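Subject: Structure handover

Hi,

Here is the structure I promised to pass on. Have a look at it first, then read on for what turned up in it.

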Amino acid sequence: MVQELWDNDVNRLKPGKDYRISLQGKAGDTMSVNDGSDRAASPLFTFVDENIFKKETFLAFISLLDNYESDTGEPEVVTPEEIVENHKFLDSIIQTPTMKIAHKYLVEKKLSPNDTKDFKQQLYRIWFELYARRGSSRPDSSGFEHVFVGETRGGRTVIGFHNWIQLYLQEKLGHIDYKGYSVNANSPKPDEEKHILALQFSWKNGIKPKGSIFIGVSPEFEFALYTLCFLTSPNERVKVSFSLYEVEIVCHHYNQKHIGTTYPVLVKYQTN
């Protein structure tokens, strides 16, 4: 199923052609705001063809990124304009081959409604409905904000933030300092030509000691894949294999109704 989503991700970028990254050094296992352990003097992204951001789903996705208050505990105020932007984004991705395949599969499994309008409402609830994250009494978070935009806890720790487009745009603005790639004894060394990366970075004043992201994929691919994992599996780790990758998708539910967090962990590269 995931292979089919991958094969139909027509808006995916090509490494080395549409974008280039520079991995540089391996990051340390720990990290604090003031330590000097920066294993990457230069930015992660050396080039991105921004014409791709004019494509409908990318455009709609990027318009959502500035709608959030990054600090957890700060209640989110959703304006009517933002609600319109959320719906516009869902309207744009529902039309893509990737999302249509995911929808058809979920209908067959009786996990999603057949009607597109009802399916869109289901997606809205999973991704955009606000809830109170740990330690907060008021709705201050959503699945979308956590996964795709990123949040800070106590101003010092970055939580979520698993999207390459947000990473690129924030790095370009000077808010991100890439510290190097992450590997452990069991994971393969990342590769600048591959679409998945574990990394360390700081964002504004907060730190992300270890994050994991897809790179160069379209917003609709991530949305389709994560929605699929959320609805089909009660497990928090879903093993999937596609293209050159064997990956675990970590997916935490929040009250069984919303996505708490979700991101990819590279297990190994497959040899075809």
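A quick definition before anything else: helices (H or I, at least four residues) and strands (E, at least two) are DSSP runs, numbered from the N terminus. Counted that way, the protein has eight helices and 10 strands. Keep in mind that this is a predicted model.

**The overall shape**

The C-alpha atoms fill a box of roughly 55 × 50 × 35 Å along the principal axes. For 272 residues, a compact globule would have a radius of gyration near 19 Å, and the protein comes out at 18 Å, which agrees. Buried residues make up 54% of the 272. If you take the contacts with a separation of 6 or more, 65% of them are between residues 24 or more positions apart.

**Helix H5**

Next, try H5, which covers residues 116-127. At 1.5 Å a residue, its 12 residues should span 16 Å, and the end C-alpha atoms are indeed 16 Å apart, so the two values agree. At the N-terminal end there is a cap: a side-chain oxygen of aspartate 115 lies 3.1 Å from the backbone nitrogen of lysine 117.

Which residues of H5 are buried? They are Phe119, Lys120, Gln122, Leu123, Tyr124, Ile126 and Trp127. What do they pack against? Four helices are on the list, H3 (80-94), H4 (97-108), H6 (143-149) and H8 (219-232), along with strand E10 (258-269). One bit of background for looking at any helix: an α-helix has 3.6 residues a turn, so residues three or four places apart point the same way.

**Aromatic rings**

The count of aromatic pairs comes to 31. Among them is tryptophan 6 with phenylalanine 221: the ring centres are 5.4 Å apart and the planes sit at 75°, so this pair is edge-to-face, the cut-off being over 60 degrees. The pair links distant parts of the chain, with tryptophan 6 in helix H1 (residues 2-7) and phenylalanine 221 in helix H8, 215 residues apart. Tryptophan 6 has 5% relative accessibility, so it counts as buried, and phenylalanine 221 is buried with a relative accessible area of 0%.

Another pair is phenylalanine 148 and tyrosine 226, with centres 6.4 Å apart and planes at 50°, so this one is tilted. Here too distant parts of the chain are linked: phenylalanine 148 belongs to helix H6 and tyrosine 226 to helix H8, 78 residues apart. Phenylalanine 148 is buried at 0% relative accessible area, and tyrosine 226 is buried at 0% as well.

Two rings also have a charge sitting over them. The charged end of arginine 12 is over the ring of tryptophan 6, 3.7 Å from its centre. Over the ring of tyrosine 269 you'll find the charged end of lysine 194, 4.8 Å from the ring's centre.

**Histidine 162**

Is histidine 162 buried or exposed? It counts as buried, because its relative accessibility is 3% and the cut-off for buried is under 20%. You can find histidine 162 in the loop between strand E4 (157-159) and helix H7 (164-172). A polar atom of its side chain lies 3.1 Å from the backbone oxygen of serine 212. Leaving out residues up to four places away in sequence, histidine 162 touches Val147, Lys208, Ser212, Ile213, Glu222, Thr261, Thr262 and Tyr263.

Enjoy exploring!

Conventions. Residues are numbered from 1 along each chain as its sequence is written. This is a predicted model: local features need pLDDT of at least 70, side-chain atom pairs count only at pLDDT 80 or more; totals for chains, interfaces and linings use all residues. Side-chain values use heavy atoms; hydrogens and water are left out. The expected span of a helix is 1.5 Å times one less than its number of residues. Buried means under 20% relative accessible area, exposed over 50%, partly exposed in between (1.4 Å probe, protein chains only). Contact means heavy atoms within 4.5 Å. A polar contact is a pair of N or O atoms within 3.5 Å; within protein, one must be able to donate a hydrogen and the other to accept it, and residues adjacent in sequence count only if both atoms are side-chain atoms. Rings of Phe, Tyr and Trp (its six-membered ring) pair if their centres lie within 6.5 Å; planes under 30 degrees apart count as stacked, over 60 as edge-to-face and the rest as tilted. A charge sits over a ring if NZ of Lys or CZ of Arg is within 6 Å of the ring centre and within 35 degrees of the ring normal. The radius of gyration is taken over C-alpha atoms; the globule rule is 2.2 Å times the number of residues to the power 0.38.
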